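Colleague: Please take one part of this model and walk me through it closely, then place that part within the rest of the chain. I would like a connected account rather than a list.

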Amino acid sequence: MTTTAQTTTAQTTPAQTDTVSYTDDGSSLTFTVGDQDIATYTYRPTDDQYESPRPFFHPLTTLEGDDVTIARPWDHVWHKGLSWALPNVGEHNFWGGATYTRETGYSNLDNNGAMNHEAFTSIEVVGIEGAGAGITATETLLWTAQPAESQPSQQGQAGAPLIREQRRFAIQLLPTGNAWALLFETTMDNVSGAEIGIGSPTTEGRDNAGYGGLFWRGPRSFTGGQFRSDKGTGADEFMGTRSPWIAFTGQHDVTCRKSSILFVEDQANPGASNQWFARSSMFACLGSAPFFSEVVPLKEGQPLTYRYAVVIADGALEEQKAAALADAAKGALDAWA
């Protein structure tokens with residue numbers, strides 16, 4: 001059964017005067033502005049266990065209709081558009097693919113867990129003062145260890161519950177630029193019975209490979225694009241840097257237009273400003289990386305919460321436009337709290 005809801009926009013530019021709506025087909029939510037689909041959130045994926053099944057956003061599209069994500073690229077089939085993905089969660093992998101450890105390097109360890117959608121506790125049409133109109137979804141998930149295929153009914157660690165997550169996200173139009181924002185919040189609560197250390201390949205000894213967090217994979221044509229933050233512009237030298245926000249601009253095949261994605265981190269996040277995982281030359285990717293250089297303990301009864309705004313914008317981001325969008329996204333994130 002498909003459900004639909006919508007709201008009219010507020011305080012937006014003339015290009016953003018259409019309604020915001022969503023549909024639910026039982027496995028994914030699709031969000032639309034006017035007649036343009038701008039985001040699909042797959043909450044019941046059908047991925048192989050090796051890819052660490054988890055909800056993900058793909059495609060994400062500009063208001064002019066250009067896709068800014070890819071999913072299951074041949075080089076890393078576990079990259080899924082935009083998703084919350086963590087490679088080193090204690091002994092478990094919620095990123096997908098091989099796991100990097102000091103003892104084994106990259107190895108297939110039969111430890112690929114899953115982030116299982118339980119329910120949407122609410123999906124609300126909201127009008128947030130000063131930041132435009134949008135839709136907020138609230139979701140519960142249970143993270144489980146990889147089950148033992150030879151012993152599917154085995155109790156204990158195989159298939160065991162590890163983390164209960166409360167997740168919220170919003171699709172919201174911004175009052176500046178031809179852009180919209182995806183607001184994202186996750187609260188992870190340890191239910192495993194033991195402390196879990198969340199790290200990365202870098203905390204396991206691989207230099208400058210601190211990926212893990214809210215991670216975006218861009219189109220092939222974005223390879224070689226440009227990063228921008230409050231520190232200036234560049235490419236791969238932005239790997240591991242810290243800043244309240246960071247943007248990436250790439251160019252599309254076919255339309256030859258440029259578009260941009262901009263991450264804003266809530267400065268109330270643990271460790272903020274955290275490092276960014278930023279790559280341009282091999283392929284375009286960008287992600288928050290709060291576990292880049294240090295293992296963060298997730299203790300029972302002490303949940304961890306992280307919040308971000310991700311802006312999808314038509315066109316390149318020059319210095320003033322980038323700063324204005326970052327400010328608008330920060331305002332939307334603050335108001336959304």
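**The β18–β19 hairpin and its surroundings**

Modeller: In the hairpin formed by β18 and β19, 6 residues stand between the two strands, and V254 among the hairpin's residues adopts a positive phi near 70°. This is a predicted model, and the values that follow are all computed from it. V254 is not a glycine, yet its phi is positive, and its place is the loop between β18 and β19. Most residues other than glycine have a negative phi, and most peptide bonds are trans. With a relative accessible area of 81%, V254 lies over the 50% cut-off and therefore counts as exposed.

The strand that leads into this loop is covered to a great extent: β18 spans residues 245-251, and 6 of its 7 residues are buried. On one hand β18 is joined to β19 by 7 bridges, with the two strands running antiparallel; on the other it pairs with β16 (residues 226-229), again in the antiparallel sense, over 4 bridges. F248 takes part in both pairings, for F227 has F248 as its bridge partner in β18, while F248 itself has I261 as its bridge partner in β19. One can thus follow the bridges from F227 to F248 and onward from F248 to I261.

Following the chain out of the hairpin, one comes to the loop between β19 (258-265) and β20 (275-279), where N274 has its place. S273 lies in this loop too, and the peptide bond that reaches S273 from A272 is cis, with omega near -5°. N274, for its part, has a relative accessible area of 6%, which is under the 20% cut-off and is why N274 is classed as buried. Two polar approaches of the N274 side chain deserve attention: a contact of 2.8 Å joins it to the side chain of E265, and it reaches the backbone oxygen of P270 at 2.9 Å. If neighbours within four places in sequence are left aside, N274 is in contact with T241, R242, S243, E265, N269, A289 and P290, and E265, the partner in the side-chain polar contact, is therefore one entry in a list that also takes in residues from other stretches of the chain.

The two conformational features met so far each have a counterpart elsewhere in the model. A further cis peptide bond joins H58 and P59, with omega about -5°, and there P59 is found in strand β5 (residues 56-60), whereas S273 sits in a loop. R72, likewise not a glycine, has a positive phi of about 55° and is placed in the loop between β5 and β6 (82-89). The relative accessible area of R72 is 44%, between the cut-offs of 20% and 50%, so R72 is partly exposed, while V254 is exposed.

A buried polar residue may be set beside N274: T99, in strand β8 (residues 99-101), counts as buried at 4% relative accessibility. Its side chain makes a polar contact of 3.0 Å with that of N93. N93 is also one of the residues T99 touches beyond four places in sequence, along with P87, N88, T104, G105, Y106, S107, L109 and N111.

Widening the view to the whole protein, there are 1 helix and 23 strands, and buried residues make up 56% of its 337 residues. Of the contacts between residues at least 6 apart in sequence, 62% join residues at least 24 apart. The largest nonpolar core holds 57 residues, and F263 is among those with the most contacts inside it, as are W84, F169, W180, L182 and M188. Apart from this core lies another, of 20 residues, including A170, A181, L262 and L333. In soluble globular proteins, nonpolar side chains tend to be buried together. The accessible surface comes to about 13,400 Å², with 46% of it belonging to carbon and sulfur atoms.

A word on confidence is needed before leaning on any of this. The mean pLDDT is 91, and 90% of the residues reach 70 or more, but pLDDT stays under 50 over two stretches that should be read with caution: residues 6-16, for which the model has 33 contacts beyond four places in sequence, and residues 150-157, for which it has 4 such contacts.

Notes:
Residues are numbered from 1 along each chain as its sequence is written. This is a predicted model: local features need pLDDT of at least 70, side-chain atom pairs count only at pLDDT 80 or more; totals for chains, interfaces and linings use all residues. Side-chain values use heavy atoms; hydrogens and water are left out. Buried means under 20% relative accessible area, exposed over 50%, partly exposed in between (1.4 Å probe, protein chains only). A polar contact is a pair of N or O atoms within 3.5 Å; within protein, one must be able to donate a hydrogen and the other to accept it, and residues adjacent in sequence count only if both atoms are side-chain atoms. Contact means heavy atoms within 4.5 Å. Accessible areas come from the Shrake-Rupley method with a 1.4 Å probe; for residues, only the protein chains shown count as cover. Two strands pair if DSSP finds at least two bridges between them. pLDDT is the predictor's confidence in each residue, from 0 to 100. A nonpolar core is a set of buried Ala, Val, Leu, Ile, Met, Phe, Trp, Tyr and Cys residues joined through side-chain atoms within 4.5 Å.
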